[in-house]
Amino acid sequence: MTTSTPSAGADTPASPLFTRQAPLLEYTDLAAHLAATADAATVRTLLTISRQPAADRIAAALDERTDLPVEALALLVAVRPGLRSATTRLKEHLFPAGRGCHRFTRAIAALAHRPESLELDFTADERFAEAAAEADPGAVLGVLTDALAAPRLDLRREEGLRALTVARAARGHISDPLAHAARQVLERTRLAALTDPLLRRRAALLEDLSRHTGGLTRALQVWFDDLVAGVGTPEQARAASEYLDRACAHLAAAHHGDHHGDHAALPGQRWQQVTATARAARTARAHHERWRQAWHDTLITADGSRWADVQRPLVTAYNLLTVHAREVCGDLPAPPTPAQCWASDPSGRQLLHLAADHLTGCDGQRPLEHFDDALLIAFTRALTKNHRDKIPAALHIHAMIAAVKAARSKAFINDATADPRIGLVIPMRDEAGRISAPSLQAPDGHDAIGVKLAQLAWLFDARPGARAHVLLVDEAPDAASARAARAVLETAPAHPQIHISVATHPARIGDSAKGGAVLWGLARLLNDGWPILAYTDLDLTYPLDQLGLLLHRLDQPGVGAVIGSRRTGDAYGYYPPAGPTPTATLYRQAACELLGLEVGDPQAGFKAFSAPFLRAVLPQVHDRQLSFDTELLALVQRAGGSITETGVCSLHRYTEGLAAPRDYDAMLAAVHAQATRHGLDPATRATPVYDRIRKAGSLHAAAQSATPATPLLPLSPAPK
């Protein structure tokens, strides 16, 4: 006699019980053998077999075992409540003091594993209440552990657990671990019932709101989740639902120019943030139309397939930025630099920010949560290769990666637990030309101040409580840059969240065009009480819309300084494909060796500091030339602050022979003096890179003498 193969359980696809035809006796013998020796996981699988007589042989074998763990024993009783030996052993576990109730034992097993078989009439009976009071709470808790850990309970299990807790509470058992765990899961279930109607509306509401805020931003999602988290009563649930209706209506009215909405009366912790995002969206409505068209165009790929939902915002952003880069290059005899195309040109900058806003969240998808920046850079390059997009200076790649960095930066600002407050120093000397806006009279003008204010304003536009003081410091004797800056600011649009001031600080003898100005400016802002201090250059290499990347790292415990690095694996844009020159690499290695630093880019012109660490070390910084960065970092490290790096996308185009000349030997001599001054005398420890440079006579000579036998040392990895 043979039988057909029964349906396999999910955990037993390879079991001989299911994978081949065999005599029924062989099946039942194998089942009985497995039941007699199986561990808890296999017991769970065996109990899914319902075909007779194998199921009966399994139950009988398990009923005879005295070594089953409690979780397997409870499951066995729930599936086979008629097994007397198994039920008796479980009862003895639940009632170690003796007596007990078999029916109560079966009810607890059903509550744990088969709530659909729970006898609710018995749970309302006095016998159930008496047994609940006598049972050992620790043993009951052990049987119900998985059920009590659930996010929420189904209706039948909720009724059974509530009957158990009420019965025990009536007899004074209200503070043991069982009561505590039961109250927690019952409260979770109660809140879930209140918020379910709101959560069912979540996707549609966010889609509706996103139409008025330039894409589904992180601000919207956090605002909605905060609103739901505040619901604790039916009245609050009704109020939240009504509020959501009014919020949609208000944003729709504001989007169409009706500013009489009663948003001030609406509750909600993030309403300011949401409405600020809506206001920012209205300023670039034409660009949003372009996004919607690009979004529609990416629904289907060229070969007829579909992009994954989480990739579609990335492809839309890439296509939108690529089209703009191609249009710009078509109008010019030579391609613009990345800074000109994506920063000083308002149209390019707004498109980049539009893409970044959507990358923080679009149609329910947030690609930044799924991919790190190194992977997104690789994805962008793969898109370029697959689409065969060849654009001068790779402007489209630059824009896409800058948009990714800006998006992540803004997400960090929006998610910060407190409103950011930043003091930012920008040194300027002989920068009048860069401060000017591009024109026929000033073709090389970059509108540098206007661009930086626009980048910072975009970064803060969904965080109305954020504040920044930008201090421009001119240390040239003629103060020409300061005059140019003041002239520009007279007609610049006001940014309520950003205060900008211009100062002149004539350089002392021996000061550089940067070090003295930065240190003086940091000291001034520190005295004004700003909790976070930063500095960057006036040129457009480092976009201020990426400042959130630095602030996020600075928010970690013990971090004293953060470098916006050009050399990490997820950085982009500054160096040629081969990386820094051998001379620059050797300088970095020797400087870090002399000062005990482990960073990849100590000279980057984009850094942020925690005020307590800066206050402790700033008076000790003596170097006011181009090498001041290394002394500042070394002192922060010696004060106990860790130094970390975050990769940025520099809006820079490297051109051979046009790099600003630097006297690396003079800078290295200054670093040597820093080490000696602060108790790090190289004569007392091994400094192989510095010794090699000194022996060669100069950094350039040491770099030229490097051979395969004496390679340059690799860069230190960026801190995690």
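**Exercise 1. Place Val-451 in this predicted model, and decide whether Val-451 is buried or exposed.**

*Solution.*
Step 1. Find the element. Val-451 sits in helix H25, which spans residues 448–460.
Step 2. Check accessibility. The relative accessibility of Val-451 is 0%. The cut-off for buried is under 20%. Therefore Val-451 counts as buried.
Step 3. List the neighbours. Leaving out residues up to four places away in sequence, Val-451 touches Ala-343, Ser-344, Arg-349, His-446 and Leu-540.
Step 4. Take one distance. Ile-435 is 16 residues from Val-451 along the chain, and their C-alpha atoms are 9.6 Å apart.

**Exercise 2. Determine how helices H29 and H32 pack, and what kinds of residues make the contact.**

*Solution.*
Step 1. Locate the helices. H29 covers residues 582–595, and H32 covers residues 664–677.
Step 2. Read the geometry. The packing angle is about 10°, and the axes are 9 Å apart.
Step 3. Classify the angle. Angles under 35 degrees count as roughly parallel, so H29 is roughly parallel to H32.
Step 4. Name the residues. H29 contributes Thr-583, Ala-584, Tyr-587, Ala-590, Ala-591, Leu-594 and Leu-595. H32 contributes Tyr-664, Met-667, Leu-668, Val-671, His-672, Gln-674 and Ala-675.
Step 5. Sort them. The contact of H29 with H32 has eleven nonpolar residues, three polar and no charged.

**Exercise 3. Describe the largest nonpolar core and the residues with the most contacts inside it.**

*Solution.*
Step 1. Recall the general tendency. In soluble globular proteins, nonpolar side chains tend to be buried together.
Step 2. Give the count. The largest nonpolar core holds 134 residues.
Step 3. Name those with the most contacts inside this core: Phe-460, Leu-522 and Leu-632.
Step 4. Find the main contributor. Helix H23, residues 395–415, supplies the largest share of this core, with eleven residues.
Step 5. Look around Leu-632. Not counting residues up to four places away in sequence, Leu-632 touches Leu-522, Tyr-535, Phe-609, Leu-614, Val-617, Leu-618 and Val-621.
Step 6. Note another core. Apart from the largest core lies one of 55 residues, including Ile-108, Ala-139, Val-143 and Leu-164.

**Exercise 4. Count the disulfides, then explain why Cys-341 forms no such bond with Cys-329.**

*Solution.*
Step 1. Apply the cut-off. A disulfide needs two cysteine sulfur atoms within 2.5 Å. The count comes to zero.
Step 2. Test Cys-341. The closest cysteine sulfur to that of Cys-341 belongs to Cys-329, at 6.6 Å. That is too far for a bond.
Step 3. Check burial. Cys-341 is buried, with a relative accessible area of 2%. Cys-649 is also buried, at 0% relative accessibility.

Note on methods. Residues are numbered from 1 along each chain as its sequence is written. This is a predicted model: local features need pLDDT of at least 70, side-chain atom pairs count only at pLDDT 80 or more; totals for chains, interfaces and linings use all residues. Side-chain values use heavy atoms; hydrogens and water are left out. Axes are lines fitted to C-alpha atoms, for helices over the stretch in contact, and angles run from 0 to 180 degrees between N-to-C directions. Helices (H or I, at least four residues) and strands (E, at least two) are DSSP runs, numbered from the N terminus. Angles under 35 degrees count as roughly parallel, over 145 as roughly antiparallel, 65 to 115 as roughly perpendicular and the rest as oblique. Contact means heavy atoms within 4.5 Å. Ala, Val, Leu, Ile, Met, Phe, Trp, Tyr, Cys and Pro count as nonpolar, Asp, Glu, Lys and Arg as charged, and the others, Gly among them, as polar. Buried means under 20% relative accessible area, exposed over 50%, partly exposed in between (1.4 Å probe, protein chains only). A nonpolar core is a set of buried Ala, Val, Leu, Ile, Met, Phe, Trp, Tyr and Cys residues joined through side-chain atoms within 4.5 Å.
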